[in-house]
Amino acid sequence: MAKTLVVVGAGPGLGMGVARSFGRQGFRVGLIARNEDVLDGLVGELAELGVTAGAFPADIRDRDALVDALTAARRTLGPVDVLEFSPSPTGAITHAAQTTAGSATEQFELHVLGAVTAVGQVLPDMRARGDGTLLLTTGVSSAIPAPFLANVGLAMAGLRNWAHALHTELRPQGIHVATVTIASGVIPGDVVADPDVIGARYYELYRQRDRAEEVIGDLDAFRALVAGGVGDPGRAGASTAG
C-alpha cells in the first residue's frame, strides 16, 4: 500500500523538492500552506509526474486551521507516514538588540507552535502503528547564533532542540524524528542546493532511521560570515534560509 507524505509549509522550492523526491518513490503527497491557488498549481505539477497529491490550505499560525488541514489530508490520502515541516520565515526579521516580545512571538508561533501542533495531530496514529517519520526543518541560525537573524534563530533553535528530544524519546517506539538544518539558499541547478538534490537528501534521511540530523550547506562559511560582522538580515536570510 502506498505511503503518505504531508509537507507543512509547502512552496515551489524546498517543499516541492521534497514532494517530488518522495512522490517518485510512490508516496502520495499532501501539501499544506496558506495560498490555495499556489497549492493547486503545485498539485498539478505533481500530477504531471504521476504523483497522487492533494492541496489542503491553512495558515500554519492558525492552529485550528492546521489541525483541520491535517485531518482532511488523512481522510483523503490515508494516515500520514512522513510529516515534513518547513515553513519559510515570514514577518519582520530582527537584530538581537531590536528583538521584542512581539517579534519573537511571531516567529515562535510559526516555527515552534506550528510544529508542535502538526506533530501532535499525526503522532497518535504513528504511535498506534509503531512506525512513522517526522522531519522538522530549521535554518542555519538554529545552530549558529546570528545577531541579524535573532528572532528567527530564537524560534528555530527551540524547534531544533525539541526535535532532538523527540528523536531520543520516540525512537524506542519505532518513530523516527530528525531535523534538517538548511545552511544554504535553495538554488535551482546548484549541485548542493537544487530543490531536487535537497529533496533526495530528505528521502535518504527518512531511510536512515538512526540519524537525528542532516545539514545542507556549509556551517563554517556561515560562522565566518557572522564573525565578519555582516549585519544585513535581507542578504543573510536570502543566502541561508534563516
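**Figure 1. Largest nonpolar core of the predicted model.** The largest nonpolar core of this predicted model holds 32 residues. Those that touch the most other members are V6, V8, I32, L70, L83, F85 and L134. At least two residues of this core come from each of β1 (4-8), α3 (63-77), β4, α4 (101-129), β5, α5 and β6 (175-183). Helix α4 gives the largest share, eight residues.

**Figure 2. Surroundings of L134, and a separate core.** With neighbours within four places in sequence left aside, L134 is in contact with L83, V119, V122, M126, L170, H176, V177 and A178. L83, one of these contacts, is also listed with L134 among the residues of the largest core that touch the most other members. Another core, of 28 residues, lies apart from the largest one; its members include V82, L135, A178 and Y206.

**Figure 3. E84, a buried charged residue in strand β4.** Strand β4 spans residues 82-85 and contains E84. Which side chain of opposite charge is nearest to E84? It is R20, 12 Å away, and E84 has no salt bridge although it is buried. A salt bridge requires a nitrogen-to-oxygen distance within 4 Å, so R20 at 12 Å does not pair with E84. Leaving out neighbours within four places in sequence, the contacts of E84 are L5, V6, V7, V8, V18, L135, T137 and Y202.

**Figure 4. The aromatic pair F22 and Y203.** Six aromatic pairs are found in the whole structure. In one of them, the ring centres of F22 and Y203 are 5.1 Å apart and the planes stand at 80°, so the pair is edge-to-face. F22 belongs to helix α1 (residues 14-23) and Y203 to helix α6 (residues 195-207), so the pair ties together parts 181 residues apart in sequence. F22 is buried, at a relative accessible area of 0%; Y203 also counts as buried, at 14%. Ring pairs join F22 and Y203 with F27 and Y206 in a cluster.

**Figure 5. The aromatic pair F148 and F222.** This pair is edge-to-face, with 6.2 Å from centre to centre and 70° between the planes. F148 sits in the loop between β5 (132-139) and α5 (150-170), while F222 is in helix α7 (residues 219-227); the two are 74 residues apart. Are F148 and F222 buried or exposed? Both are buried.

**Figure 6. Salt bridges between helices.** Side chains of opposite charge can pair when their charged atoms come close. The structure has 10 salt bridges in total. One joins D196 and R20, with 2.7 Å from N to O. D196 is in helix α6 and R20 in helix α1, so this salt bridge ties together parts 176 residues apart in sequence. D196 is partly exposed, with a relative accessible area of 28%, whereas R20 is buried, at 14%. A network of salt bridges links R20 and D196 with R24. Another salt bridge joins R74 and D125, at 2.5 Å from N to O. R74 lies in helix α3 and D125 in helix α4, 51 residues apart. R74 is partly exposed at 40% relative accessibility, as is D125 at 25%.

**Figure 7. A salt bridge within helix α7.** The side chains of R223 and D220 form a salt bridge of 2.6 Å, N to O. The two residues are three apart in helix α7, which means that about one helical turn separates them. R223 counts as partly exposed, at 41% relative accessibility; D220 is exposed, at 54%.

Key: Residues are numbered from 1 along each chain as its sequence is written. Side-chain values use heavy atoms; hydrogens and water are left out. Rings of Phe, Tyr and Trp (its six-membered ring) pair if their centres lie within 6.5 Å; planes under 30 degrees apart count as stacked, over 60 as edge-to-face and the rest as tilted. Helices (H or I, at least four residues) and strands (E, at least two) are DSSP runs, numbered from the N terminus. Buried means under 20% relative accessible area, exposed over 50%, partly exposed in between (1.4 Å probe, protein chains only). Lys and Arg count as positive and Asp and Glu as negative; His and the chain ends are not counted. Contact means heavy atoms within 4.5 Å. A nonpolar core is a set of buried Ala, Val, Leu, Ile, Met, Phe, Trp, Tyr and Cys residues joined through side-chain atoms within 4.5 Å.
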